[in-house]
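Please open the structure in your viewer and keep the sequence panel beside it. The tour below goes from one selection to the next and says what is to be found at each stop.

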Amino acid sequence: MVDATHRAGGVIPPAEVPELELYHPKSWWTTYVFSQDAKVIAIQYAGTAMAIGLVALMLSWLIRLQLGFPGTFDFITPDAYYQFVTMHGMIMVIYLLTALFLGGFGNYLIPLMVGARDMVFPYANMLSYWIYLLAVLVLVASFFVPGGPTGAGWTLYPPQALLNGTPGGQELGIILMLVSLILFIIGFTMGGLNYVVTVLQGRTRGMTLMRMPLTVWGIFTATVMALLAFPALFVACVMMLFDRVLGTSFFMPALVEMGELTSHGGGSPILFQHLFWFFGHPEVYIVALPAFGIVSDLISTHARKNIFGYRMMVWAIVIIGALSFVVWAHHMYVSGMHPLFGFFFATTTLIIAVPTAIKVYNWILTLWRGDIHLTLPMLFALAFIVTFLNGGLTGLFLGNVVVDVPLSDTMFVVAHFHMVMGVAPILVIFGAIYHWYPKITGRMLNQQLGLFHFWVTFVGAYAIFFPMHYLGLVGAPRRYPELGGTAFIPESVADLNAFISITAFVVGFAQLVFLFNLIWSLRYGKEAGPNPWRATTLEWQTPTTPPPHGNWGDERPVVYRWAYDYSVPGAPQDFIPQNDPWPDKPLTRPA
Amino acid sequence: MGETTLNGFGAKAARKSGLRGVVEDWSSDQRAFKSASWGKAMMWIFLLSDTFVFGCFLLAYMTARMSTTEPWPDANEVFALHIGGANIPLILIAIMTFVLISSSGTMAMAVNYAYRRNRNVTVALLLVTAALGATFVGMQAFEWTKLITEGVRPWGNPWGAAQFGSSFFMITGFHGTHVTFGVIFLLIVARKVWRGDYDRGTPGFFTSRRGDYEHVEIMGLYWHFVDLVWVFIFAFFYLW
């Protein structure tokens, strides 16, 4: 197709591929449990991710109980504290955020938004979920084995991850953790191949890459990155598993433990860090890029205005994705690497600020003079922008070697990454759920409960994480279960920690209100209709809501325009759906 | 099944060649790779991901080899076979490599005959490919047995750095697993060709999706990839 512009019209070429032959389920089990429908798989992914996320939320309460009121709770031993921190981090980053954005939103939105009937390989897609579930179960099992889960920190650095002093190090904890990660990667690969091929090869007529909603661009790029970054984690996990089970020494140097020389020798712990962060840094953007994409669509829809600089937004996503593969060692400034390495990685890290800043400016310019509706998705989108900006700015501090070295082991880092890749993407997830829940269920979420949830979460998250910057600047170390009588740390740190903890409990309970809303609105929510937000993208134009297996009725939609035709001068209404050929013929769809 | 193949569906528009054609394809609707079916596109992307897995394994091995303080065992001596009163270095590996590369040849011929709908020859070539693959794995098992009886273990060996055995078993084992899976899939594809599943478009047992002769080519992509990886393992592990 020659016409790749945003404008309507042009020649819509004939279909290049015939209709996808769908698997027709014959029983209740194959319809709702072992389903090959991407939308059911999406809900399974999201449900599992949120369930395990609740575990991580409770772990964060336990962490805060200890930090806020050290010495009060006998059951939180230092070992238990490290186990809580490790499992909280790992679950939140991998099993909640990655799974929910890619497995949940990816599965639900990609086929609908590109006008496909389903993912291109529904069977592999189904397997992807069940292997993910297995990975989660293995992870949960580690709570119940002798010695408990691993307490090595979410980065699992050797050699300490495999030693006696670390919880689960010489027991089953670390083994189950590594096995669970390997399973997760295998399962994700099956789903990831689906998402990528669906976007590249499974679009409907008229849907060019440059007409795709940014949501799809974000999820697509993140999936490509995940397919290239997870191999490094896979390899690191396999090698560490061998170190632990077979007695190899890939990562284990010769060292003395409890007065005795271990059987290991000659391995390189730094090698693990390189492999881990070659995965770990792209992982940050694997979580952030879908959030970028979704928030762009939320802002454009709820400000009734086209996204500012669509092409730049797409290229920024792609460039961030590419650059994120050459910045990994900025997580290793304190590992003793060569200063010239640090210089290189600091430079690439700061360059990422350019495409990221483009995105932030474009969001703000989209809002500029827009018809802003302060709906729940919009509130969360706005909250995301400020939170991400905040976390991004502290990223500039930590990206510089000389500033990072003194800050690296303090609460400042905790504040930074919770702002930028904890709170910010979670806010987008909430906004996206409020936005697409009407399509998934046919009913609106309750507005009052939603507003309560928003304000408590947003203000609460700042109350929790903003003071942590201060804690870090005065030198409060991270990773310590309690601070004790350290001379340079003022008394006020303890008071601040107590304040943070109490806020954390309140914010945590607000999430229960959100979960209640999800269930309550299923039955009692207001009827939504097919397109409550008057949005242009294809998923809102399905003939039935919620969309059935196969998504579209007899014919797949034909796309005539980009996804952002809001408030077009002269148009009969303030949005033109992507499959509407206006002005070639008059609008026939009721508003 | 239409969507897995392109043969005979829809009018094919004239496409520009060179860079201009690439830009045109990527800015078009429906598909970015105009001549690739879904299955083929998926296999290519999977292989790209798998390349990163093997790349990480090999880089990790090189790092371990360079950073260890103990001497690395000499590949010429370790991998030599005692034949006819003389130690012949790398002879087994040379045969293994020859077998695996030959299997790529038979695989490519199988793809050719599959597209000609010549079922008998295709089945024969697929079975030869599988047999060569199985031979490779068998010789690898022999090599492992020999090294294990000589005292090589994942955690140590008689000649030097412990990481030698660790890397050797891990990397050749991971590659051997790939070959083994390939042999299994070759047998499955051969059975389907033999039964005429691709002529009739019989739905797959698990996926309930109809296959066609392109499956032989996709199988071939995987098989050639496994061969190509072996070349790198051969170069970095045995020749270095």
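In which loop of chain A is A:G265 found? Select that residue to begin, bearing in mind that this is a predicted model: A:G265 sits in the loop between strand 2 (260-261) and helix 7 (269-302) of chain A. It counts as partly exposed because 19 C-beta neighbours lie inside 10 Å, whereas a buried residue would need 20 or more. Leaving aside residues up to four places away in sequence, A:G265 touches A:S249, A:P253 and A:A254, and also B:A162 in the other chain. If you draw a distance from the C-alpha of A:G265 to that of A:T375, the viewer should give 59 Å, for two residues that are 110 apart in sequence.

**Chain A as a whole**

Now select all of chain A and colour it by confidence; its mean pLDDT is 92, and 97% of its residues reach 70 or more. Two stretches call for caution: residues 1-7 of chain A, where pLDDT stays under 50 and the model has 14 contacts beyond four places in sequence, and residues 587-591 of chain A, where the pLDDT is below 50 and six contacts are made beyond near neighbours in sequence. Where pLDDT is low, the predicted coordinates should not be read in detail.

Switch to a cartoon view, and chain A shows 14 helices and two strands. Its radius of gyration is 24 Å, close to the 25 Å that the globule rule gives for 591 residues, so chain A is as compact as a globular protein of that length. Along the principal axes, the C-alpha trace of chain A spans about 85 × 50 × 50 Å. Of the 591 residues, 54% count as buried, and among contacts in chain A between residues at least 6 apart in sequence, 79% join residues at least 24 apart.

**The nonpolar core**

Select A:V235 and A:F380 next, since these residues touch the most other members of the largest nonpolar core, which holds 240 residues. Around A:F380, not counting residues up to four places away in sequence, you will find A:L427, A:V428, A:F430, A:G431, A:Y434 and A:F454 in contact with it.

**Helix 9 of chain A**

Move to residues 339-367 of chain A, which form helix 9; its 29 residues reach 42 Å from the first C-alpha to the last, close to the 42 Å expected at 1.5 Å a residue. Which residues of helix 9 of chain A are buried? They are A:G342, A:F345, A:A346, A:T349, A:I352, A:T356, A:K359, A:W363 and A:T366. An α-helix has 3.6 residues a turn, so residues three or four places apart point the same way. The buried residues of helix 9 pack against helix 7, helix 8 (310-323), helix 10 (376-399) and helix 11 (401-407) of chain A. Just after helix 9, select A:R369, which takes a positive phi of about 60°.

**Where the chains meet**

Show both chains and select the contact between them, to which chain A gives 47 residues and chain B gives 43 residues. On the side of chain A that touches chain B, the elements that give two or more residues are helix 5 (173-201), helix 6 (214-245) and helix 7, and helix 6 gives the most, with eight residues. Stay with helix 5 of chain A for a moment: 25 of its 29 residues are buried, so this helix is largely enclosed by the rest of the structure.

**Backbone details**

Walk back into the loop between helix 4 (122-141) and helix 5 of chain A, where A:P159 is found, and look at the peptide bond from A:P158 to A:P159, which is cis, with omega near 0°. A:L156 is in the loop between helix 4 and helix 5 of chain A, and has a positive phi of about 55° although it is not a glycine. A:L156 counts as buried because it has 24 C-beta neighbours inside 10 Å. Another cis peptide bond joins A:T545 and A:P546, with omega about -10°; A:P546 lies in the segment after helix 14 (492-524) of chain A.

For the last stop, select B:R117, in the loop between helix 4 (91-115) and helix 5 (119-149) of chain B. Its phi is near 60°, a positive value in a residue other than glycine. Is B:R117 buried or exposed? B:R117 is exposed, with 11 other C-beta atoms within 10 Å.

Methods
Residues are numbered from 1 along each chain as its sequence is written. Chains are lettered from A and ligands numbered from 1 in the order in which they are written. This is a predicted model: local features need pLDDT of at least 70, side-chain atom pairs count only at pLDDT 80 or more; totals for chains, interfaces and linings use all residues. pLDDT is the predictor's confidence in each residue, from 0 to 100. Two residues are in contact if their C-beta atoms, placed from the backbone, lie within 7 Å. Helices (H or I, at least four residues) and strands (E, at least two) are DSSP runs, numbered from the N terminus. The radius of gyration is taken over C-alpha atoms; the globule rule is 2.2 Å times the number of residues to the power 0.38. A residue is buried if 20 or more other C-beta atoms lie within 10 Å of its own, exposed if 12 or fewer, and partly exposed in between; C-beta atoms are placed from the backbone. A nonpolar core is a set of buried Ala, Val, Leu, Ile, Met, Phe, Trp, Tyr and Cys residues joined through C-beta atoms within 7 Å. The expected span of a helix is 1.5 Å times one less than its number of residues.
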